[in-house]
Amino acid sequence: MILPFDEAGQGRPIVLLHARPVDRTMWRAHLRLLAEAGVRAIALDLPGHGDAATAHRDEVTPWADVLDTLDHLGVDRFTLAGNSLGALVALQIAVTEPRRVQGLVSIGYRPHDLPPSFRLQTAWDRERAALEADNVEAAARAGVEAWTSPKASDDVRAQAAVMMRNQLVARVTYGEPKVAADPLSKDTGALRALTVPTLVGVGELDMPDFFEGGAVLSDELGAGEVVVLSDAGHLAPLEQPEAFCALLLDFVGRLSA
């Protein structure tokens, strides 16, 4: 499947993969900032999100769809930058096609088998209760409260609310897409075997689950200390686009060509 995408700039490709409750428009500000810095930035909608709602697919393979889309765009080697779900998909791509991945940036990652904290379980419960009451607006408000920080600007909260509302409507309309077998589960040592340069980060005000998940991931990949993005929650790149782009560009600048 060729995924919907936006791109800007020329130079070394950086592929931007969004978080679960939102879509590719979370990278709207980043496309301009990265293009101005001399790289080719590509933001994709993952299956079941944004303009890639999956009404007629029995099973989705997000990692394969990203690779198909990059083939379509003529991109062979690239750096992946993913937030939350996007971080997971980036890892799935890296273990599937490690030759093609020059670098990997993971923000807000949590392994699915990690038991949820009270704070995370509460966020899930509030969203589920609102949807069971057919109240998409309340579910979107619960999402904004859970996934952005108290320090997020009004503009960021408004943008997040639009993306979350659209995602919730798509989920109610089409249901959750069934994801094919995770390539990470096929080999429990796949991450430790990766040699791709990696940066792992988390928002300073994110839930404890993602600090723990980031630490576990960094240990598996040998990525060093987890980077903390100040004054940001789970959607740290959305809340702090300039700081995130500076971090990303510094990382890319240290990669071999």
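I will talk about the two largest pockets of this predicted model and then about one residue, Leu44.

Residues are numbered from 1 along each chain as its sequence is written. Because the model is predicted, local features need pLDDT of at least 70 and side-chain atom pairs count only at pLDDT 80 or more, while totals for chains, interfaces and linings use all residues, and side-chain values use heavy atoms, with hydrogens and water left out.

A pocket here is an open set of points on a 1 Å grid over the protein atoms alone, where a 1.4 Å probe fits, with protein on both sides within 12 Å along at least five of seven lines, and lining residues have an atom within 4 Å of a point. The largest pocket has a volume of about 810 Å³, volume being the space filled by probe spheres set on the points, which are joined across faces, edges and corners. Of its 33 lining residues, Arg20, Ser84, Leu85, Leu88 and His112 are the closest to the centre.

The second largest pocket holds about 320 Å³ of space, and among its 14 lining residues the closest to the centre are Tyr109, Pro111, Asp113, Leu184 and Leu191.

Turning to Leu44, this residue is buried, with a relative accessible area of 0%, where buried means under 20% with a 1.4 Å probe and protein chains only. The C-alpha atoms of Leu44 and Val66 are separated by 7.7 Å, although the two residues are 22 apart along the chain. Beyond its neighbours within four places in sequence, Leu44 is in contact (heavy atoms within 4.5 Å) with residues including Leu3, Phe5, Leu17, Arg24, Val66 and Thr69.

Note on methods:
Helix = DSSP H or I, 4+ residues; strand = E, 2+ residues; numbered from the N terminus. Buried < 20%, exposed > 50% of the residue type's maximum accessible area, 1.4 Å probe, protein only.
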